Each structure stands twice: as structure tokens, then as C-alpha cells.
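Welcome! Have the sequence and the 3D view ready, and work through the exercises below at your own pace.

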Amino acid sequence: MSLLVVGSVAFDAIETPFGKTDKIIGGAASFIALTASYFHKKVNLVAVVGGDFPKADIRMLEQHKIDVEGLQIKENEKTFFWSGKYHDNMNSRDTLITELNVLGTFDPIIPDSYQNCDYLMLGNLAPNVQSMVLHRLKKRPKLVVMDTMNFWMNIALDDLMETLKNIDVLSINDEEARQLSGEYSLVKAARKIMTFGPKFLIIKKGEHGALLFGEDKMFFAPALPLESVFDPTGAGDTFAGGFTGYLAKTDDISFENMKKAIIHGSAMASFCVEKFGTEALINLSDAQIEERISKFSELVQF
Ligand code: AMP
């Protein structure tokens, strides 16, 4: 089973009440691919960076057995840059800078060796680029999962609606679900969004967990209560990486197995927020991951 991850590979500069970073490796696809690599050994990456992107960071991805044949390096251009600042309660943030740079003209070329992928994770990117990926795959994957954000709802809604027609699972946060549906109730929002195309919808609620809708069923997983949340950047992408990595590993796309995948995604997101950027995702052991997952079981069993 192969998993194809497409999305931004970026420089992020983050400010939280606990500190500030210079440009560090970020981007939706970095978080997703790194996280999925703990569950699945065949993670293929399609993304683009500029000549300014450190080779050491590419090697770090390779050390996680992520195939980077599909990572384009535009030597004379600059890597996508995003900067955000969190408010004191860490539940909301302001985007300070979005410089698309190489992402503005991204042409997602899919290496032949990535064709026939079984699972496709379309991370946060311009929706027309996400559609392009789907059209360039000669065989439709067994499951197409997609993430997006308010930025694209604001500037590319028509493209987004078109892309939604062709995917299976959409993963967005509560604010985005409300914006996309025009409904405040998340149950009504979910029902409406699923008429746009996705058969399943995940609504992430930050420290309040995540909801899964589909097949007329609903599932809720809490977020692990943590003593300190250091930096929530990438938590949603990490969640998506755990979700898709687990599904690809188990190769079972039933609602029941998606519930387990949600728990795996939530467990991985709980690591992500403990350090800046991708730092907490670099050196995890299987034992640490197992321990987190069993904490989740204890948390919800009664
Ligand atoms: P999250 O905290 O899950 O929303 O993800 C944050 C990551 O998304 C950061 O690493 C950013 O580099 C990346 N990101 C932010 N804005 C965009 C965008 N417009 N397109 C693609 N990736 C983005």
C-alpha cells in the first residue's frame, strides 16, 4: 500500500506566549509525511521548495524513509513562507505573513513510481493544484483525504468546491466548517458539507478533540489533556498524517477503522504541540507512540 502526500513544505516563523522561532521547517506536507512515516513505510512526497531550503532538512525527511523523488527544488526561487502568532490562550492565532513564493506557480509533477498509489493525502494547498494531482493519477486511489483552510475559502472558493466533488474525506477545523457551510451547528454544517462531495468529514476542534461524520454515524475523540501546549502549529496536519498513515498501514477504510485512525491522529497531534514546529516529530519511538495511544484508551473507557 503506498501513501502519496501532497502539500506545502515551508519555512515557518512562529510566535507563541512561550517564545519565538526564526525560519524553521514547516508546511502541511512536512508534518503529514513525518507523522505518517511512523505508521507506514511507503510515504511518497510531492511538493516544491526553493533553493534556499536546507539540504539537511531534506535529508531529515529521507531519514524517515520518506521518498522525496517528487520534491521539486526550484534553485532560483524562494520557499513558501508562513508566519503566525498565537494569542495567550493558544486557541486562536493570527497569520502574519503568507508568501506563496514557489507555491504560487507549483506544478505538481507525479513521478511514475508514485502512480498506482492506494491512499492520497492532499494537504493544504491551492485547491486547483489539489485537483490537478487527482487528475494526473492514472488510477483513482482507494481513499482520497483532503485538508484545506480559510485562506483558500476566501480566495479560491469556486476551485475548492470543484475539488470537494472528487474526494472521500475532508478534514477541517470547526471555524472552517462553519465558514464553508454557513451553518453554526457543527452537525448541520457536516450534513451540508457532505452534500458538496466528501463521504466523510472530520471536524477538528483543537484542544476539544475531533468529530468524524459519515455513513449516518458520528464519532468523537477528545484531545489528550496536556499540562502544557507549547506550539499548536501543524497539529491539524499531524493529525491528518496519523489518520492517513494508520489507514494506509491497516488498509481498512471502514468507519470502525477510521475511528481508530482518528485516535492515532489525535495521539500524534498531542506530541506535535509539545515543541516548536516539527521538532517533536523527529525522534519518536514506537514505545512512546504506543504509550500515548493507551493513554487515549484509558481516557475514553468507562
Ligand atoms: P496548521 O497549524 O495545521 O493549520 O498548519 C500549519 C502549517 O500550514 C504551517 O506549517 C504552514 O507552513 C502551512 N500553511 C499555512 N498557510 C498555508 C497555505 N495557505 N497553503 C499551504 N500551507 C499553509
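**Exercise 1. Decide whether His135 is buried or exposed, and place it in the chain.**

Step 1: The relative accessibility of His135 is 63%, so His135 counts as exposed. The cut-offs are under 20% relative accessible area for buried and over 50% for exposed, with partly exposed in between (1.4 Å probe, protein chains only).

Step 2: His135 belongs to helix 3, residues 127-136. Helices (H or I, at least four residues) and strands (E, at least two) are DSSP runs, numbered from the N terminus.

Step 3: Asn166 is 31 residues away from His135 along the chain, and their C-alpha atoms are separated by 9.8 Å.

Before going on, note that this is a predicted model, where local features need pLDDT of at least 70 and side-chain atom pairs count only at pLDDT 80 or more, while totals for chains, interfaces and linings use all residues. Residues are numbered from 1 along each chain as its sequence is written, and side-chain values use heavy atoms, leaving out hydrogens and water.

**Exercise 2. Describe the protein chain as a whole.**

Step 1: Count the elements: the protein chain has 10 helices and 14 strands.

Step 2: Check the radius of gyration, taken over C-alpha atoms, against the globule rule (2.2 Å times the number of residues to the power 0.38). The chain gives 18 Å, close to the 19 Å of the rule for 302 residues, so the chain is as compact as a globular protein of that length.

Step 3: Add the extent: the C-alpha trace spans about 55 × 45 × 35 Å along its principal axes.

Step 4: Look at burial: 57% of the 302 residues count as buried.

**Exercise 3. Find out how many residues of helix 1 are buried.**

Step 1: Locate helix 1 at residues 28-36.

Step 2: Go through its residues; the buried ones include Ala28, Phe31, Ile32 and Leu34.

Step 3: The tally is 9 of the 9 residues, so helix 1 is largely enclosed by the rest of the structure.

**Exercise 4. Explore the nonpolar cores.**

Step 1: A nonpolar core is a set of buried Ala, Val, Leu, Ile, Met, Phe, Trp, Tyr and Cys residues joined through side-chain atoms within 4.5 Å. The largest one has 62 residues, and Val5, Leu45 and Phe243 have the most contacts inside it.

Step 2: Helix 9 (residues 255-272) gives the most to this core, with 10 residues.

Step 3: Another core, of 41 residues, lies apart from it; among its members are Leu170, Ala177, Ile193 and Leu211.

Step 4: Return to Leu45 and list its contacts (heavy atoms within 4.5 Å). Leaving out residues up to four places away in sequence, Leu45 touches partners including Val5, Val9, Ala29 and Tyr114.

**Exercise 5. Examine three loop residues, Ala156, Glu215 and Asp251.**

Step 1: Ala156 sits in the loop between helix 4 (150-155) and helix 5 (157-164). With 14% relative accessibility, Ala156 counts as buried.

Step 2: Glu215 sits in the loop between strand 13 (210-214) and strand 14 (217-221). Its relative accessible area is 47%, so Glu215 is partly exposed. The phi of Glu215 is near 50°, a positive value in a residue other than glycine.

Step 3: Asp251 lies in the loop between helix 8 (235-250) and helix 9. Asp251 is partly exposed, at 27% relative accessible area, and its phi is near 50°, again a positive value in a residue other than glycine.
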